[in-house]
Amino acid sequence: MHPALSLAPLTLAAVLVLSGVAKLRDTGSTYSVLRLLRLPPLVTNRPTARALPVVELVTAALLLSPWRWPFLLGAVLALGLFVAFWVVVVRAMGFDPRPTCGCFGRIGDHRINGRTVARNTLLVALAGLTLWVGLAGSSTGALLGRYTANDGWWLLLAVALAVVAVMVVGGGPAPRPSFRRRGRPGHGAAAAAADRPPAEEPELDYVRSPIPRGVLVGRDHGTVTLHQLARSQAQLLVLANCWCGPTHEALQRLPGWRDRLPQLGVQLVLVPHPFDATAVDASSTGIWWDPGSRVYDDLGVGTSPGAVLLGADGLLAGGPVNGVDEIEQFVTDIEAELAQAPEDGPAGTSPAPAQDSSA
């Protein structure tokens with residue numbers, strides 16, 4: 001059996017370690033993803049979320065075993081895991097909206113699309129090849145033991161090629177434009193907060209469009225449209241579609257963002273039901289539920305969490321931006337624009353953030 005076949009179990013082991021460690025560090029995100037993928041209640045629970053990364057890491061260890069029977073057990077487990085992942089992803093392709101998969105915890109592009117299916121199909125093929133190696137009586141250790149000096153160079157170059165491929169094509173989605181424009185300071189966020197259209201300027205980086213007709217649900221089950229929410233003042237919406245680590249971090253930073261942007265309402269919009277979640281204090285305000293991810297998708301948020309600025313003039317004023325660090329920078333940029341805006345208009349007032357009500 002050719003030593004090059006060792007690349008199949010080595011690749012699977014590397015993927016399982018990456019996935020297992022990422023999930024182990026954020027089991028809350030894994031549990032949220034299980035719910036978003038609409039899996040049966042038997043597996044949609046916190047024990048499964050905690051067990052899954054352990055199974056992945058144990059499987060990776062078995063695949064690296066020099067002994068035949070542990071390796072064969074690892075190959076069976078790997079094929080079962082990757083076939084299950086493939087079925088879940090293909091099934092989720094038919095969802096509207098499609099959830100994020102969270103296959104690697106907080107790492108990488110979480111969108112479910114054709115690329116996700118192709119990746120999982122390749123992993124299933126490698127798992128099938130690995131099982132064939134085990135059934136033929138070999139193992140990763142046995143194959144590595146046959147390596148010559150030339151084979152070692154092939155392995156080193158294969159690893160280098162994989163690293164380069166991840167760096168080139170695995171960087172996640174392209175960044176979306178923010179509200180920043182070429183032109184005088186205060187042209188974007190300040191104009192939106194002041195309920196007036198920006199002056200015409202050439203070569204705008206951000207083309208403003210009407211706020212979509214989305215509906216949010218408050219704690220008292222009252223509803224409010226995005227237009228109603230932004231009618232009295234501009235609103236910064238921080239949106240998340242799972243209970244991952246970044247969502248919890250955004251929740252913690254929310255009071256600070258409100259303190260820095262008193263001219264705006266700063267709202268947290270969650271796709272998973274927020275009002276029975278332990279992370280959300282019962283006294284928290286400015287928290288909204290987005291059933292079915294309609295607002296999230298209509299605003300084109302993309303990777304969770306994201307942020308969008310709604311203008312009081314009925315137009316989008318900025319975003320989406322993605323990730324907690326990008327949202328932090330977004331808040332800094334808006335703060336800088338508003339600081340340079342005139343103090344004698346609506347942009348200079350300091351209303352409190354909108355509360356959870358349908359009024």
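Among contacts in the chain between residues at least 6 apart in sequence, what percentage join residues at least 24 apart? The share is 71%. Keep that in view while moving through this predicted model.

**The whole chain.** Select everything and colour by secondary structure. The chain has 12 helices and 7 strands. Of its 359 residues, 47% are buried.

**Helix α5.** Next select residues 114–135, which form helix α5. The 22 residues of α5 should span 32 Å at 1.5 Å a residue, and the end C-alpha atoms are indeed 32 Å apart, so the two values agree. Now show the side chains of its buried residues: Thr116, Val117, Asn120, Leu123, Ala127, Thr130, Leu131, Val133 and Gly134. Turn on the surroundings to see what covers them; the cover includes α1, α3 (46–63), α4 and α6 (140–145). Past the end of the helix, stop at Gly137, a residue with a positive phi, near 95°.

**Val133.** Go back into α5 and centre the view on Val133. Is Val133 buried or exposed? Its relative accessibility is 0%, and because buried means under 20%, Val133 counts as buried. Leaving aside residues up to four places away in sequence, select what Val133 touches: Met1, Leu5, Phe71, Ser138, Ser139 and Leu143. Then add Ala75, which is 58 residues from Val133 along the chain, and draw a line between the two C-alpha atoms; the separation is 8.7 Å.

**Helices α1 and α4.** Phe71, one of the residues touched by Val133, also leads to the next stop, where α1 meets α4. Select residues 7–24 for α1 and residues 68–92 for α4; the helices pack at an angle of about 60°, and their axes are 12 Å apart. At that angle, α1 and α4 are therefore oblique to each other. The crossing of α1 past α4 is left-handed. To see the contact itself, show Pro9, Leu12, Val15 and Leu16 on α1, then Phe71, Ala78, Leu81 and Phe82 on α4. Colour this set by residue class: there are 8 nonpolar residues, with no polar and no charged ones.

**Helix α12.** For the last stop, select residues 324–339, which make up helix α12. From first C-alpha to last, its 16 residues reach 22 Å, close to the 22 Å expected at 1.5 Å a residue. Which residues of α12 are buried? Show Val324, Ile327, Phe330, Val331, Asp333, Ile334, Glu337 and Leu338.

Note on methods
Residues numbered from 1 in each chain as written. Predicted model: local features only at pLDDT ≥ 70, side-chain atom pairs only at ≥ 80, totals over all residues. Heavy atoms only, no water. Helix = DSSP H or I, 4+ residues; strand = E, 2+ residues; numbered from the N terminus. Buried < 20%, exposed > 50% of the residue type's maximum accessible area, 1.4 Å probe, protein only. Contact = heavy atoms within 4.5 Å. Axes fitted to C-alpha atoms, helices over the stretch in contact; angles between N-to-C directions. Parallel < 35°, antiparallel > 145°, perpendicular 65-115°, else oblique. Left-handed = near helix turned anticlockwise from the far one by under 90°. Nonpolar A, V, L, I, M, F, W, Y, C, P; charged D, E, K, R; others polar. Expected span 1.5 Å × (residues − 1).
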